[in-house]
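Please open the model in your viewer and keep the sequence panel beside it. The stops below say what to select and what is to be found there.

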Amino acid sequence: MGRFILSRLLQAIPVLLVVITATFFLVRTAPGGPFSAEKAVPPEVVKALEARYKLDQPMWQQYLSYLDDLVHGEFGPSFRYPGRSVNELILGGLPTTAELAFYAMLVAIFIGVCAGVMAALKPNTPQDYIPMSAAMLGICMPSFLMGPLLVLIFGIWFEWLPVSGWGDLPGDKILPAITLGTGYAAYIARLSRGGMLEVMSQDYIRTARAKGLPEWVVVLKHGLRGGLIPVVAFLGPAFAGLLSGSFVVETIFQIPGLGRFYVQAAFNRDYTMILGTTVFFAALIVLFNLLSDIIAVWINPKLRHQLRDNH
């Protein structure tokens, strides 16, 4: 297991380096700059600002300087929030984004597993077609469409739930969590159905039924452990995707999370904020992919034996 983890970590280094390099040069070569939108700023002031943030240096020198900062765990100062570093802004917005992603994951797991298991118990029947059709609809409907639709129905028409904010009003976390988690619930539903269909046809399931065990015991005790292995492998990338993909939902519902800083940084051409959040999200994706692989190996004896044989 140690060699497996080490090999995955070594594979992550070139991936992160490619992300850093591509993002750095794409941002720096885009039209405009962090100070180009300022009104009535004398040229000498602009030059002084560029010298302060090392923007007057050659591009390759800026790149090497940024890599050196990353090695020391620094994302640099923000161009649009004077006196504040990108590290401070990320740490300030991350708890809200992580909380939103956690609630969205709970929504996705509950809806997805229930729908997938229900569909797998009676395949090729209405009990299968209805939830899987809903899952396909959830996959096809993006969050920027789902969010306003839920706001229109539950916030404006019925006036049941707040339509913006986070932690200020009762129930203001429900609509954002459902909006963000619905798409992933659809994927989990399809994975749960496929995994359960494969497991429920195994010999040990037939043996359990032949012993006279109730169907719910067969499903919950014997079927779920093997049937949800594809779901467990998906949860790591899914949670990373929820964290990195929350900026649309945070913008729709005016949530003060990390995603809104990312969107504002793009409009403000805040180079260091764009780079910092991109690198941070990329590292999270790599980390959660690694964790999901470790958990999948831990719960699947076949994968553990394959690792032992390979090493």
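Helices, as the word is used on this tour, are DSSP runs of H or I of at least four residues, numbered from the N terminus. The model is a predicted one, and with helices defined in this way the protein has 14 of them and zero strands.

**Colour by confidence**

Begin by colouring the chain by pLDDT, which averages 80 over the protein, with 87% of the residues scoring at least 70. Among the elements, helix α4 (residues 86-121) has the highest mean pLDDT, 88, while helix α14 (residues 301-310) has the lowest, 58. Where pLDDT is low, the predicted coordinates should not be read in detail. If you then colour by accessibility, 40% of the 311 residues count as buried.

**The cavity**

Next, search the interior for enclosed space: how many cavities of 30 Å³ or more does the whole structure hold? The search finds one, and the largest cavity encloses about 40 Å³ of space. Select R80, Y81, F261, Q264, A265, N268, D270 and M273 to display the lining of the largest cavity, and note that helix α12 (residues 258-268) gives the most to that lining, with four residues.

**Two salt bridges**

Now turn to the charged side chains, where the count comes to two salt bridges. Side chains of opposite charge can pair when their charged atoms come close. Select E99 and K173, whose side chains meet in a salt bridge at 2.6 Å, N to O. Because E99 lies in helix α4 and K173 in the loop between α6 and α7, the pair ties together parts that are 74 residues apart in sequence. E99 counts as partly exposed at 25% relative accessibility, and K173 also counts as partly exposed, at 24%.

Then select D128 and R193, whose side chains form a salt bridge at 2.8 Å, N to O. D128 belongs to helix α5 and R193 to helix α7, so this pair ties together parts that are 65 residues apart in sequence. Is D128 buried or exposed? With a relative accessible area of 2%, D128 is buried, since buried means under 20%.

**The nonpolar surface patch**

Select L149, L152, I156, W157, F158, W160 and V163, which form a nonpolar patch on the surface with about 730 Å² of accessible area together. One of these residues, W157, lies in helix α6 (residues 143-157) and is exposed, with a relative accessible area of 58%.

**Two positive phi angles**

Stay in this part of the sequence and select E159, which is placed in the loop between α6 and α7 (174-199). Phi of E159 is near 55 degrees, a positive value in a residue other than glycine, and E159 is exposed, with a relative accessible area of 63%. Most residues other than glycine have a negative phi. N124 is another residue to select for a positive phi, with a value near 60 degrees; its place is in the loop between α4 and α5 (126-140), and at 57% relative accessibility N124 counts as exposed.

**A last stop at I229**

Finish by selecting I229, which is found in helix α10 (residues 229-244) and counts as buried at 18% relative accessibility. Add G195 to the selection, and the C-alpha atoms of I229 and G195 are 7.2 Å apart in space, although the two residues are 34 residues apart in sequence.

Key:
Residues numbered from 1 in each chain as written. Heavy atoms only, no water. Buried < 20%, exposed > 50% of the residue type's maximum accessible area, 1.4 Å probe, protein only. pLDDT = per-residue confidence, 0-100. Patch = residues over 30% accessible without salt bridge, like charges linked within 9 Å, V, L, I, M, F, W, Y side chains within 5 Å. Areas by Shrake-Rupley, 256 points an atom, 1.4 Å probe, with all protein chains shown as cover. Salt bridge = Lys/Arg side-chain N within 4 Å of Asp/Glu carboxyl O. 1 Å grid on protein atoms, 1.4 Å probe; cavity = no way out; pocket = protein on both sides within 12 Å on 5 of 7 lines; lining within 4 Å. Points joined across faces, edges and corners; volume = space filled by probe spheres on them.
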